[in-house]
Amino acid sequence: MPSNDNGIELGKQISQSGTTVPIVLNDLITTIHVAPTAPTWLADLVAEVSAKYEISAVVRKSDLYSEPVF
């Protein structure tokens, strides 16, 4: 069986399916940051998709490139 650089066998079947853990996304996601260089329509789109899936997180552009406050 071929393997990648990490020694993981590609195409190998996983024997266990894992454990399903119920979560509430609104408990985990409080804010969604969009890149500061992203166009406004992208932030609007992210907000629309979030609303569609009932994620109540605030969507805002990152202030990463803003002047720092000392």
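These legends walk through several close-up views of one predicted model. Residue numbers start from 1 along each chain as its sequence is written, and side-chain values use heavy atoms, with hydrogens and water left out. Since we're in predicted territory, local features need pLDDT of at least 70 and side-chain atom pairs count only at pLDDT 80 or more, while totals for chains, interfaces and linings use all residues.

**View 1. The whole chain, for orientation.** The protein chain has 2 helices and 2 strands, and from the N terminus they come in the order α-β-α-β. Helices here are DSSP runs of H or I with at least four residues, strands are runs of E with at least two, and both are numbered from the N terminus. Of the 70 residues, 10% count as buried; buried is under 20% relative accessible area, exposed is over 50%, and partly exposed sits in between (1.4 Å probe, protein chains only). The chain exposes about 6,400 Å², with carbon and sulfur atoms supplying 56% of that. Those areas come from the Shrake-Rupley method with a 1.4 Å probe, and for residues only the protein chains shown count as cover. Among contacts with a separation of 6 or more, 56% link residues 24 or more positions apart, a contact being heavy atoms within 4.5 Å.

**View 2. Two parallel strands and the helix that connects them.** Strand β1 (residues 31-34) and strand β2 (residues 58-61) run parallel, joined by 4 bridges. Two strands count as a pair if DSSP finds at least two bridges between them. One of the matched positions is I32, whose bridge partner in β2 is V59. Add helix α2 (residues 40-52) and you have a right-handed β-α-β unit. Right-handed is meant like this: with the strands pointing away from the viewer, the path from the first strand over the helix to the second runs clockwise.

**View 3. The two faces of β1, with H33 up close.** In a regular strand, side chains alternate between the two faces of the sheet. In β1, I32 and V34 make up the covered face, while T31 and H33 make up the uncovered one. H33 is partly exposed, with a relative accessible area of 49%. Across in β2, R60 stands opposite H33. Leaving out residues up to four places away in sequence, H33 touches R60 and S62. The C-alpha atoms of H33 and V59 are separated by 6.1 Å, with their positions 26 residues apart along the chain.

**View 4. Three residues of helix α2.** Start with S50, which sits in α2 and is buried at 6% relative accessibility. Beyond residues up to four places away in sequence, S50 touches I32, I55 and V59. V46, also placed in α2, is partly exposed at 24%. Setting aside neighbours within four places, V46 is in contact with I32, V34 and V59. Its C-alpha is 9.7 Å from that of H33, 13 residues away along the chain. Then there's L42, another α2 residue, partly exposed at 29%. L42 and K61 are 19 residues apart in sequence and 9.7 Å apart in space, C-alpha to C-alpha.

**View 5. E54 and its backbone angle.** Most residues other than glycine have a negative phi. E54 is not a glycine, yet its phi is positive, at about 55°. This residue lies in the loop between α2 and β2. E54 is also exposed, at 66% relative accessible area.

**View 6. A nonpolar patch on the surface.** V21, I23, L25 and L28 make a nonpolar surface patch of about 410 Å². Patches are built from residues with over 30% relative accessible area and no salt bridge, joining like charges within 9 Å and nonpolar side chains (Val, Leu, Ile, Met, Phe, Trp, Tyr) within 5 Å. A salt bridge, for the record, is a side-chain nitrogen of Lys or Arg within 4 Å of a carboxyl oxygen of Asp or Glu. I23 is found in the segment before α1 (25-28) and counts as exposed at 54% relative accessibility.
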